[in-house]
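Okay, thanks for coming, everyone. Let me put the model up, and then I'll walk you through a few spots.

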Amino acid sequence: MSAAAGQLSDLGQARVQPACAGAHQSRWSHLLYVAPYLFLYVTLLVYPLFAGFWLSLHKADLFGGRRFVGLENFSRLLQDQVFLGAVGNTFYFILLTVPALAIIGLGLALALNRQTRTAAILRGVFFSSSVLSVTIVTLLWKVVFAPEGGFLANVLEAFGRQPVAFLNDADLALPAIAITTIWWCIGLPMMLFLAALQQVPRELYEAAALDNAGRWKTLWSVTLPSIRRTFALVLIIEVVLQFQLFGQAYLMTQGGPNNASRPMVLFLFEVGFTRWDVGYAVAAGQILFAFIAMAAFAQYLIARRKEAF
Amino acid sequence: MSAQFASGTVGRGFGDRLILGATIALAIVMIMPMLWAVGLSLKTNQALLIDTNSVLRAPWTLTNYYDILIGSGVFRWLLNSIIVSFGMSLGVLVLASLAGYGFARLDFPGRNVIFVLVLFGLAIPEQAVILVRHQLFSDLDLHNTYAGLMLPGMSAPFGVFLMTQYFKAIPTEIDEAAMLDNASRFKIFWRVLLPMTLPAQATLGIFTFLHAWNDYWWPMVSGTNPQMYTLTVGIASTQQNFAESAGLGYLMAQAVFAFVPVLIVYMFFQKYIVRAVSGAAT
Amino acid sequence: MPGIELKNLIKTFGAATVIDNVSLSIRPHEFMVFLGPSGCGKSTLLRMIAGLESVDAGEIWIGDRRVDQLAPGERRVAMVFQHYALYPHMTVRENMSFGLRNVRMPTAEIDKRVAAAARMLEIEHLLERKPGQISGGQRQRVAIGRAIVKEPHLFLFDEPLSNLDAALRVRTRIEIAQLHQRVEAAMIFVTHDQVEAMTLAHRIVVMNNRKIEQIGTPMEIYSRPATAFVAGFVGTPAMNFAPVELTDGPNGFVSARLPDGVTIPTRIEQASLPGSKAFKLGIRAESLRICGAEQGDTAGVAQFVERLGDRTLVYVRLSDGTTVVAEDAGTSRVALNDSVGVKFDGACAHLFDDQDRGHHAVADVGS
């Protein structure tokens with residue numbers, strides 16, 4: 001035995017530890033690994049959430065004045081035409097964007113699910129907008145929608161039509177924001193569908209081919225049934241995301257004209273950060289949270305169902 | 001070709017070419033707004049006031065970019081964005097790695113309950129907490145500081161969730177081999193397991209970076225001093241005086257200046273970025 | 001090199017006992033195999049020796065050092081894991097030297113040991129590669145190399161061959177046997193594969209249901225199984241069992257009457273048996289020979305014929321409905337549904353009492 005090996009056994013004698021498989025033993029000291037995160041989690045997420053519950057029962061303002069009013073904020077919200085309009089706008093916006101995102105995303109995924117260079121480049125193009133910030137996106141689309149010298153205005157004029165002031169038209173403002181949003185967000189559903197299509201076992205297609213199924217038949221009876229779960233998941237993820245519409249509306253229309261494009265989050269922002277009616281804004285936030293928590297729960301249920309088809 | 005394509009393995013005729021053509025047309029629509037912005041940025045403000053169709057004709061000019069170089073807040077905003085995004089990413093990686101290892105490998109009183117409570121945090125939207133958080137940061141004097149801009153992003157549970165899953169997927173045989181190799185608990189974490197989580201670190205790092213870079217609401221209400229604007233907030237601030245004081249060409253040059261580097265980074269790291277964003281969603 | 005002593009080891013998980021009062025002593029330089037079905041506790045026992053599972057009661061001694069309260073790294077044992085457990089981000093060299101660097105061994109000594117082990121295992125050309133860049137068999141060698149460089153007092157192998165394909169498994173098995181020739185340390189090898197156990201072991205510890213069933217050399221295990229479980233678990237095809245009635249035979253030996261009425265004379269002494277009446281006869285296929293339908297001790301119908309090349313296994317259904325496996329030559333012409341005779345070699349028969357304890361012929365048979 002060499003000297004170094006002797007060293008090894010000396011060490012063994014020197015620090016006799018009581019427990020060998022320490023990881024299996026419950027110890028307070030192990031909490032040190034999670035404590036730094038837990039501290040931030042509690043102070044910046046849990047505490048604000050519960051303080052919000054409490055605050056929503058108060059009439060509170062910027063200057064620290066605070067008076068307990070019970071559920072008055074909530075009953076006020078239910079009679080506030082601007083808030084109800086914002087709720088309606090939010091759901092209308094979801095209706096405009098979510099089905100379109102899912103269907104276009106699926107279509108792109110089906111068209112681009114092949115291993116050619118062209119397909120790879122096109123996938124890259126369709127995802128590229130997703131990495132841009134909302135301020136860039138809105139800036140780009142404002143110069144597309146602008147009535148004077150905007151891209152669409154120029155195109156309309158080239159065809160001899162009058163330019164349209166999309167963002168100043170109560171009927172067109174929210175659809176214009178929806179188009180901007182679809183352009184911005186199309187990458188994610190496409191990628192999720194592509195990932196799902198890759199999971200469909202090759203044997204299924206071979207079996208379908210042996211069964212003489214044509215292209216559409218294969219699409220309807222093999223591909224689409226195989227990605228049902230992903231379709232549901234994409235719908236819910238997008239509902240959660242689009243529910244939180246804020247930047248596009250804030251930067252493109254400020255909720256106008258005539259409140260026609262004001263979503264819930266923008267309402268919350270304006271009440272909270274410009275009117276400083278904090279308790280009222282937090283109450284609106286609770287309602288928003290309730291909606292999103294329900295959608296997140298649905299997402300959890302679907303994600304838990306592991307069977308792919 | 002990919003066997004997964006719905007048409008099966010044989011025959012790619014007219015139908016395929018039609019689909020490809022339609023997809024390419026859609027892709028052109030997709031990049032049109034960006035091209036339009038680049039075109040506008042290459043014209044003088046005066047030329048654009050007369051007719052924006054002039055972007056299709058010479059002369060083009062780089063004056064707008066020159067104007068940015070000599071007098072614009074853009075560089076300061078860029079620096080802020082870089083500091084905040086790197087800082088937040090680093091913070092998230094450190095916190096999530098430690099916590100993920102703790103939840104996946106160590107036992108402590110209440111571990112499973114605490115982990116479930118952290119998972120509930122995934123369902124809390126920023127809008128539900130932002131007002132109280134804003135007041136909290138006012139009380140702590142954290143507004144208009146880098147820490148104030150970085151800390152909220154570090155409290156999000158996604159990273160902890162991702163790292164916990166990743167650590168759990170590493171066989172415990174590896175830990176045991178290291179124990180027999182006389183490695184201390186921290187050494188097992190630092191020298192053995194952590195290097196094995198590099199793919200997850202990349203995913204989480206990129207995701208956090210993108211989130212921080214593109215975040216708008218919190219930096220807008222927290223970093224209200226123009227010296228503390230991030231690029232996203234700064235670009236937004238210029239839109240208030242859209243096409244008026246600064247001029248359309250100058251404004252577009254700023255936008256191009258802001259999004260082209262992002263797109264270039266995206267081209268190089270596309271694979272990781274796609275995985276990061278998709279991984280965060282599911 | 002020291003021997004290893006396990007004294008009254010007990011391990012529980014909650015209410016479940018997973019190791020039930022196990023004692024065992026392993027001689028210096030002995031190759032010991034723990035054999036048993038999955039869930040019998042053999043891996044848990046190995047992990048307790050390694051220090052990866054705590055010991056609830058009992059003691060583990062390596063030489064004159066009691067180790068059961070020491071950390072795994074301090075016991076001077078090395079382990080080769082089922083899935084190799086190589087560190088994927090380290091090169092082969094770093095994998096092998098990690099444990100030595102952790103005890104601050106001088107670099108020169110580390111290099112010397114790694115070089116020597118790499119030469120012995122013929123992996124010198126792989127030292128700068130990472131585990132992901134080498135084949136499964138090569139990874140296995142690296143895992144063994146990582147154990148060798150520690151110069152441990154005891155090698156532990158946890159089903160290390162189960163991930164290899166059949167050809168590589170045989171080769172690695174031989175290499176492990178050769179490795180044992182070259183080192184002085186004792187080895188413990190856990191497996192559920194009886195061929196591995198028979199070919200590698202000095203002694204086999206057969207475990208079942210959290211307890212040791214038998215400790216013995218491979219031939220003792222095979223020829224004189226201590227319990228019905230051992231008799232059934234070791235050997236392919238599994239031993240034939242049939243309930244029998246005992247009668248007095250010649251020379252103080254007993255004879256056994258099978259359900260179909262045939263009486264088999266054995267060489268098991270009447271005096272060695274307990275008083276109870278319920279016995280099972282156990283007899284291996286190689287002690288049942290196929291013969292002409294009229295020439296055997298009994299006869300039946302061939303229900304299934306397995307041709308293995310060097311021999312043929314015939315599943316014979318006897319007149320009372322029991323099926324026994326008998327052996328015939330590789331060139332056997334027995335076909336399905338043929339009537340065949342079966343000749344019993346009663347000298348090789350075993351009896352198992354109502355406690356499932358085995359009783360064997362006086363002289364060592366079959367060796």
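So, to start: is Glu109(C) buried or exposed? Glu109(C) is buried, because its relative accessible area is 14%, and buried here means under 20%, exposed over 50%, partly exposed in between, with a 1.4 Å probe and protein chains only.

Quick housekeeping. This is a predicted model, where local features need pLDDT of at least 70, side-chain atom pairs count only at pLDDT 80 or more, and totals for chains, interfaces and linings use all residues. Residues are numbered from 1 along each chain as its sequence is written, chains are lettered from A and ligands numbered from 1 in the order in which they are written, and side-chain values use heavy atoms, with hydrogens and water left out.

Back to Glu109(C). Its salt-bridge partner is Lys112(C), with the closest N and O atoms 3.6 Å apart. For the cut-off, we want a side-chain nitrogen of Lys or Arg within 4 Å of a carboxyl oxygen of Asp or Glu. The two sit three residues apart in helix α3 of chain C, residues 107-121, so about one helical turn separates them. Helices and strands, by the way, are DSSP runs numbered from the N terminus: H or I with at least four residues for helices, E with at least two for strands. Unlike its partner, Lys112(C) counts as exposed, at 56% relative accessibility.

There's also a network: Glu176(B), Lys11(C), Arg47(C) and Glu53(C) are joined by salt bridges that share partners. Inside it, Lys11(C) bridges to Glu53(C), closest N and O atoms 3.9 Å apart. That pair links distant parts of the chain, with Lys11(C) in strand β1 (residues 4-13) and Glu53(C) in the loop between α1 (42-50) and β4 (57-62), 42 residues apart. Both of them are buried.

One more pair: Asp68(C) and Arg66(C), at 2.8 Å between the closest N and O atoms. Asp68(C) is buried at 1% relative accessibility, while Arg66(C) is partly exposed at 39%. Over all chains, the rule gives 30 salt bridges.

Staying on chain C, let's look at the sheet. Four strands make an open, antiparallel sheet in the order β2-β1-β4-β5, where pairing requires that DSSP find at least two bridges between two strands. The edges are β2 (16-26) and β5 (65-66), each with a single partner strand, so one side of each has no neighbour in the sheet. In the middle of that order, β1(C) and β4(C) pair over five bridges, antiparallel, and Ile4(C) stands opposite Ile62(C) in β4(C). Then α1(C) packs on the sheet and touches β1, β2 and β4 of chain C, its direction making about 115 degrees with that of β1(C). Those angles run from 0 to 180 degrees between N-to-C directions, with axes as lines fitted to C-alpha atoms, for helices over the stretch in contact; contact means heavy atoms within 4.5 Å.

Over on chain B, which residues form the nonpolar patch on the surface? They're Val260(B), Ile264(B), Val265(B), Met267(B), Phe268(B), Phe269(B) and Tyr272(B), with about 680 Å² of accessible area together. Helix α14 of chain B, residues 248-268, gives the largest share, five residues. Ile264(B) lies in that helix and is partly exposed, at 40%. Patch members need over 30% relative accessible area and no salt bridge, with nonpolar side chains (Val, Leu, Ile, Met, Phe, Trp, Tyr) joined within 5 Å and like charges within 9 Å. Areas are Shrake-Rupley with a 1.4 Å probe, and for residues only the protein chains shown count as cover.

Last, chain A: 15 helices and two strands, with 54% of its 309 residues buried.
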